[in-house]
Amino acid sequence: MTAISDAPAEIRRTSAKEFDCVVVGAGFAGMYMLHKLREFGFSAIVVEAGTGVGGTWYWNRYPGARCDVESLDYQYSFSDELQREWNWSERYATQPEILRYANFVADKFDLRRDMQFETRVTSSVWDDARARWTVGTDRGDSHSAKFLIAGTGCLSASRLPDYEGIDDFKGNWYHTGQWPHEGVDFTGRRVAVIGTGSSGIQSIPLIAEQASQLFVFQRTPNFSLPANNAALTPERVSDHKSNFQAIKAQARQTAGGVIANPNMTSALEVDPAERESEFETRWGQGGFQVIQAYADLLVTNQANETIAEFVRNKIRQTVKDPKIAEALAPRDHPLGTKRICIDTNYYDTYNRDNVALINIRENPIERIIPTGVRTKEGDFEVDAIVFATGFDAMTGALLSMGIEGQAGVKLKDKWAAGPRTFLGLQAAGFPNLFTITGPGSPSVLSNMIISIEQHVEWIADCLAYLREHGLDTIEANLDAEDAWVDHVNELADKTLYPQANSWYLGANVPGKPRVFMPYVGGVGAYADRCREIAADGYEGFTLGTSAKAGAPA
Ligand code: NAP
């Protein structure tokens with residue numbers, strides 16, 4: 001086995017400045033992209049803000065952080081040797097275990113030698129005459145490349161609320177998405193957690209075990225399902241390893257990139273007792289199983305209400321105080337239209353004497369004060385505040401790269417009314433820029449690793465095609481992009497998703513255009529479409545050569 005180094009990698013300043021590709025981000029997307037580019041003989045550098053690899057799993061180190069996709073499914077499939085060497089210990093892997101895996105991969109494939117850490121991209125400018133991108137960083141250096149590939153992640157630009165007074169707070173405050181590497185000990189401290197999405201719901205039970213008093217400030221209750229996490233047995237692991245490639249091949253044809261057990265009947269066709277029993281069985285299995293119970297749970301409000309009420313009843317059965325139970329029971333959005341949370345002991349935590357729930361719709365936060373949180377009805381004095389307030393999802397990190405395409409058009413201006421892409425891979429007017437799991441692709445609605453692999457392989461094949469054909473530029477056509485955006489919206493409008501004020505729509509960021517960003521058509525159908533387009537000579541893209549660009553990439 002290769003040794004695992006979890007230590008921060010040394011920062012490497014590279015002397016070479018001209019590359020075939022600059023890849024931004026050393027998460028699962030950037031790591032595999034680099035590996036694939038090397039395999040195809042392209043030169044590349046990865047620019048990464050953190051001190052090490054891992055992306056989302058590098059930054060999100062809050063207590064209780066786990067992946068909500070099962071560990072056996074949430075791993076790369078490109079190397080059979082890799083999957084045979086790595087052993088997951090639990091059904092749902094913890095953040096430290098996933099980060100160890102990322103470092104294991106980086107060691108095994110010697111990825112760090114082409115990575116520049118502790119470096120943030122600040123400008124990315126396309127030069128039409130040279131057909132190259134110039135990528136400037138906060139270190140003052142710059143790289144020139146034929147292709148710019150953003151592996152910046154969908155949930156990487158963390159967001160603090162706009163409350164006044166945060167800087168005056170005398171205690172310590174933290175954002176779940178930028179957690180201190182040394183960890184935080186809340187023992188005996190009074191803590192406020194603001195936000196009850198996945199990050200809040202995972203961290204609240206563990207913070208409650210340490211804190212002397214925990215105040216949870218909830219704006220919107222979320223649906224959470226039990227993980228039923230457990231250690232993986234050696235038999236289960238070995239069985240999975242033996243069938244790994246077949247399982248992955250099947251997963252790639254599903255809607256979500258994970259083999260599920262969907263029941264194709266309508267929730268409204270069966271009698272209530274049978275439905276209850278089906279929900280109960282799947283609830284007991286843990287994870288997302290329950291939303292696969294009937295075909296129309298995410299399609300009609302009436303069907304959705306059956307599962308929503310089932311979960312509300314579970315909350316009522318778990319939380320002893322009926323008033324708190326009702327406050328925790330979601331009513332403002334259909335179940336599944338916001339990312340469902342997968343928890344361990346979340347609702348039960350509200351039975352603890354040291355935990356209080358503050359409904360900030362009834363009693364709004366007015367500001368942060370030096371000693372804690374001021375609400376309309378009074379002050380909550382605390383020693384620490386945890387902001388579990390989420391991300392500027394899907395576009396935030398991309399738009400922070402200062403991207404300027406043809407004729408100096410800025411991506412942030414092109415996307416002022418919401419992101420527009422062809423396939424979530426390219427935007428018209430921005431030649432040779434690829435976005436791994438960009439808006440308009442299944443991305444966050446799927447097992448991210450499956451979607452990352454599909455995009456990385458499509459991009460690498462595309463670059464090889466250009467090289468083989470003596471070409472060096474590729475750009476999405478505006479009409480193909482318009483048609484794709486219409487298609488993405490049309491499919492989303494057939495579902496219940498647009499009914500929720502979710503980060504899928506940018507609704508969590510004040511002023512962000514309300515546009516449903518991911519592609520709901522499923523990873524199987526989506527990958528087929530991408531394959532067909534490539535097979536048709538990249539239909540919908542314009543491929544070309546740049547006379548001044550010299551040799552093809
Ligand atoms: P999130 O789902 O966006 O939740 C943010 C929470 O903060 C929400 O409860 C939100 O309330 C609240 N909030 C936002 N701004 C606020 C404000 N100004 N005042 C008060 N409350 C405010 O963010 P997240 O929990 O970090 O999760 C984001 C996504 O990351 C997840 O949906 C998931 O896809 C991914 N994630 C996955 C895992 C996992 O794999 N297990 C774990 C963590 C995160 P509103 O709902 O009212 O906006």
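## Exercises on a predicted model

Ile207 has a relative accessible area of 0% and is therefore buried. The exercises below all concern a predicted model.

**Exercise 1.** Establish where Ile207 lies, and how far Ile207 is from Asp353 in sequence and in space.

*Solution.* Begin with the secondary structure, where Ile207 is found in helix H5. The cut-off for a buried residue is under 20% relative accessible area, and Ile207, at 0%, is therefore classed as buried. Turning to the pair, 146 residues of sequence separate Ile207 from Asp353, while their C-alpha atoms are 14 Å apart in space.

**Exercise 2.** Describe the shell of residues around the ligand, saying which helix gives the largest share of that shell and which domains contribute to it.

*Solution.* First, count the neighbours: the ligand is surrounded by 25 residues, and the closest of these are Arg66, Tyr163, Ser199, Gln202 and Thr220. Next, sort the shell by chemical character, which gives ten nonpolar, nine polar and six charged residues. Then assign the residues to elements, where helix H5 (residues 198–210) supplies the largest share with three residues. Finally, consider the domains: domain 1 (18–157 + 393–544) and domain 2 (159–223 + 336–390) each provide at least three residues of the shell.

**Exercise 3.** Identify which side chains have an N or O atom 2.8 Å from an atom of the ligand, and state how much of the ligand the protein buries.

*Solution.* Start with the nitrogen side of the ligand, where one nitrogen atom is 2.8 Å from an N or O atom in the side chain of Gln202. An oxygen atom of the ligand is likewise placed 2.8 Å from an N or O atom in the side chain of Lys338. For a further contact, look at Ser199, whose side chain has an N or O atom 2.6 Å from an oxygen atom of the ligand. As for the area, the ligand taken alone exposes 900 Å², of which the protein buries 90%.

**Exercise 4.** Work out how the side chains of strand S16 are arranged, and with which strands S16 pairs.

*Solution.* In a regular strand the side chains alternate between the two faces of the sheet. In strand S16 (residues 384–387), Ala384 and Val386 point one way whereas Ile385 and Phe387 point the other way, and all of them are buried. For the pairing, strand S7 (residues 172–175) runs parallel to S16 over four bridges, with Asn172 having Ala384 as its bridge partner. Strand S8 (residues 190–194) also pairs with S16 in the parallel sense over four bridges, and here Ala192 stands opposite Ile385.

**Exercise 5.** Determine which residues of strands S5 and S17 stand opposite Val125.

*Solution.* Consider first the antiparallel pairing of strand S4 (residues 121–127) with strand S5 (residues 132–137), which extends over six bridges and sets Val125 opposite Thr134. These two strands form a hairpin with four residues between them, and in the turn Ala131 has a positive phi of about 55 degrees. Then take strand S17 (residues 403–404), which pairs with S4 in the parallel sense over two bridges, and in which Glu404 stands opposite Val125.

**Exercise 6.** Decide whether Thr435 is buried or exposed, and find the backbone oxygen that lies 2.8 Å from a polar atom of its side chain.

*Solution.* Thr435 belongs to strand S18 (residues 433–435), and its relative accessibility is 6%, so Thr435 counts as buried. The backbone oxygen in question is that of Gly424, which lies 2.8 Å from a polar atom of the Thr435 side chain.

Notes:
Residues are numbered from 1 along each chain as its sequence is written. This is a predicted model: local features need pLDDT of at least 70, side-chain atom pairs count only at pLDDT 80 or more; totals for chains, interfaces and linings use all residues. Side-chain values use heavy atoms; hydrogens and water are left out. A residue is near a molecule or strand if one of its heavy atoms lies within 4 Å of it. A polar contact is a pair of N or O atoms within 3.5 Å; within protein, one must be able to donate a hydrogen and the other to accept it, and residues adjacent in sequence count only if both atoms are side-chain atoms. Accessible areas come from the Shrake-Rupley method with a 1.4 Å probe; for residues, only the protein chains shown count as cover. Ala, Val, Leu, Ile, Met, Phe, Trp, Tyr, Cys and Pro count as nonpolar, Asp, Glu, Lys and Arg as charged, and the others, Gly among them, as polar. Domain bounds come from an automatic or database domain assignment. Buried means under 20% relative accessible area, exposed over 50%, partly exposed in between (1.4 Å probe, protein chains only). Two strands pair if DSSP finds at least two bridges between them.
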